[in-house]
Amino acid sequence: MLTLDRVTKTYRAGAFGGGSVTAVDRVSFEAAPGEVVSLIGESGSGKSTIGRMILGLTRVSEGRLTLDGHEVRPGKDFYRRVQGVFQDPFSCYNPVFKADRVFALIRRAYHPGVPDKEWADRVEKAVRDVRLDPGQVLGRYPHQLSGGQLQRLLIARALLLGPSFLVADEITSMLDASTRIDVLNLLAGLKENGLGVLYITHDLSLGTYLAERTVVLRRGRVVERGDTQKVFGNPLHPYTRTLLAAVPRLNTPWTLPEPLEACAFHEAGSRTDSSDLYETEPGHFVACAGLPDCGRISA
Ligand SMILES: Nc1ncnc2c1ncn2[C@@H]1O[C@H](COP(=O)(O)OP(=O)(O)O)[C@@H](O)[C@H]1O
Ligand SMILES: [Mg+2]
């Protein structure tokens with residue numbers, strides 16, 4: 001279980017360290033193996049910062065980030081369990097080397113003792129697991145492969161270490177529609193096999209339907225989170241409603257969501273959790289939106 005407990009990231013801003021930016025503000029959620037959690041929010045809302053903190057690439061300023069109860073300590077043992085794949089597959093390859101060099105680097109760092117033949121078999125299996133034909137992709141240069149193939153090779157590389165969690169930061173953003181569906185199918189299969197996935201996205205795309213649970217982030221804070229069906233079936237925060245309204249529906253004219261006058265949940269006598277969210281029904285948490293008629297402004 002990967003657990004974020006009031007995780008906060010403050011970046012120093014300005015050349016002389018004068019100002020600071022709170023990119024992530026007391027964010028709490030959990031991700032379990034075999035489950036997809038989608039982290040959704042507009043650009044700049046702090047999603048990648050959360051992904052980078054989970055991967056130990058950025059330090060946590062405050063709060064606790066634990067894996068099975070132990071504080072996250074980046075290192076080989078940790079990276080065997082938690083791996084990341086990012087938005088831009090092209091930037092992960094050196095154009096002068098063949099694309100499968102990414103596998104060789106993993107071998108050198110993690111499996112130096114594995115004999116050549118066995119390693120080749122493992123790579124072939126990992127490549128097949130991401131539904132690529134080893135004969136078509138191995139031994140090629142990055143410019144000879146498509147964005148979807150490169151992205152899947154990076155997923156294969158991450159999976160070679162047999163992690164239990166994958167941080168997938170906008171991994172389908174640069175892919176065309178049919179390749180995107182291939183990658184999502186792949187994630188669905190990996191989830192069935194027990195992989196936990198943090199699926200980071202800036203829009204309500206197909207991937208969010210893979211997710212058992214959803215965390216909606218705005219300006220570094222969680223505005224709504226919980227079971228995906230509850231969050232999107234009964235969105236209570238104005239921002240979540242706006243996200244839903246931005247999804248086109250065929251055969252239905254587009255309309256703006258009805259404005260809310262007060263947070264819909266204050267009257268329900270809902271209780272708060274440790275992140276200042278209101279639990280409006282079991283497994284559905286919402287932040288106060290600070291609407292004029294709330295009377296309890298905390299946004
Ligand atoms: N290394 C950094 N130094 C200072 N500010 C940063 C740094 N990385 C990100 N930020 C700021 O933190 C906020 C969140 O960024 P990011 O996590 O990349 O958001 P997202 O992935 O949701 O677009 C933004 O305001 C961004 O400018
Ligand atoms: Mg980002």
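This is a short dialogue about reading a predicted model.

Reader: Let's begin with the ligand. Which residues are around ligand 1?

Author: Good place to begin. The residues around ligand 1 are Tyr-11, Ala-23, Glu-42, Ser-43, Gly-44, Ser-45, Gly-46, Lys-47, Ser-48 and Thr-49. By class, this shell divides into 2 nonpolar, 6 polar and 2 charged residues.

Reader: Which helix gives the most to that shell?

Author: Helix α1, which covers residues 47-54, gives the most, with 3 residues.

Reader: And which atoms should I look at for polar contacts with ligand 1?

Author: Look for N or O atoms of the two partners within 3.5 Å of each other. In this model, a polar side-chain atom of Thr-49 lies 2.5 Å from an oxygen atom of ligand 1. For Lys-47, a side-chain N or O atom is 2.8 Å from an oxygen atom of the ligand. Tyr-11 has a polar side-chain atom 3.4 Å from a nitrogen atom of ligand 1. Overall, the protein covers 57% of the 570 Å² of accessible area that ligand 1 has on its own.

Reader: Now the strands. How do strands of a sheet pair?

Author: Strands of a sheet pair through backbone hydrogen bonds, and the pairing can be parallel or antiparallel. Here, an open sheet of 4 strands runs in the order β2-β1-β4-β5, with antiparallel pairing. Strands β2 and β5 (70-71) stand at the edges with a single partner strand each, so one side of each has no neighbour in the sheet.

Reader: How many bridges join β1 to β2?

Author: There are 9 bridges between strand β1 (residues 2-13) and β2, and the two run antiparallel. To follow one of them on screen, find Val-7, whose bridge partner in β2 is Val-27.

Reader: I also see Asp-25. Is this residue buried or exposed?

Author: Asp-25 sits in strand β2 (residues 19-31). It counts as buried because its relative accessible area is 18%, and the cut-off for buried is under 20%. Apart from neighbours within four places in sequence, Asp-25 is in contact with Val-7, Thr-8, Gly-220 and Arg-221.

Reader: What about phi angles? What sign do most residues have?

Author: Most residues other than glycine have a negative phi, so a positive value deserves a second look. Arg-26 has a positive phi near 50°. Its place is in strand β2, and Arg-26 is partly exposed, with a relative accessible area of 30%. Glu-170 is another such residue, with a positive phi near 55°. Glu-170 lies in the loop between β7 (165-169) and α7 (177-192), and counts as buried at 9% relative accessibility.

Reader: Where does Gly-283 take a positive phi?

Author: Gly-283 does so in the hairpin of β12 and β13, where phi is near 80° and 2 residues stand between the strands. Strand β12 (residues 278-281) pairs with β13 in the antiparallel sense over 3 bridges. Within this pair, Tyr-278 stands opposite Val-286 in β13.

Reader: One last residue, please. Is Pro-292 buried or exposed?

Author: Pro-292 counts as exposed because its relative accessibility is 70%. You will find Pro-292 in the segment after β13 (284-286). Try comparing sequence with space here: Pro-292 and Leu-260 are 32 residues apart in sequence, and their C-alpha atoms are 9.6 Å apart.

How values were computed:
Residues numbered from 1 in each chain as written. Chains lettered and ligands numbered in written order. Heavy atoms only, no water. Near = heavy atom within 4 Å. Polar contact = N/O pair within 3.5 Å; in protein donor to acceptor, adjacent residues only side chain to side chain. Areas by Shrake-Rupley, 256 points an atom, 1.4 Å probe, with all protein chains shown as cover. Nonpolar A, V, L, I, M, F, W, Y, C, P; charged D, E, K, R; others polar. Buried < 20%, exposed > 50% of the residue type's maximum accessible area, 1.4 Å probe, protein only. Contact = heavy atoms within 4.5 Å. Pairing = 2+ DSSP bridges.
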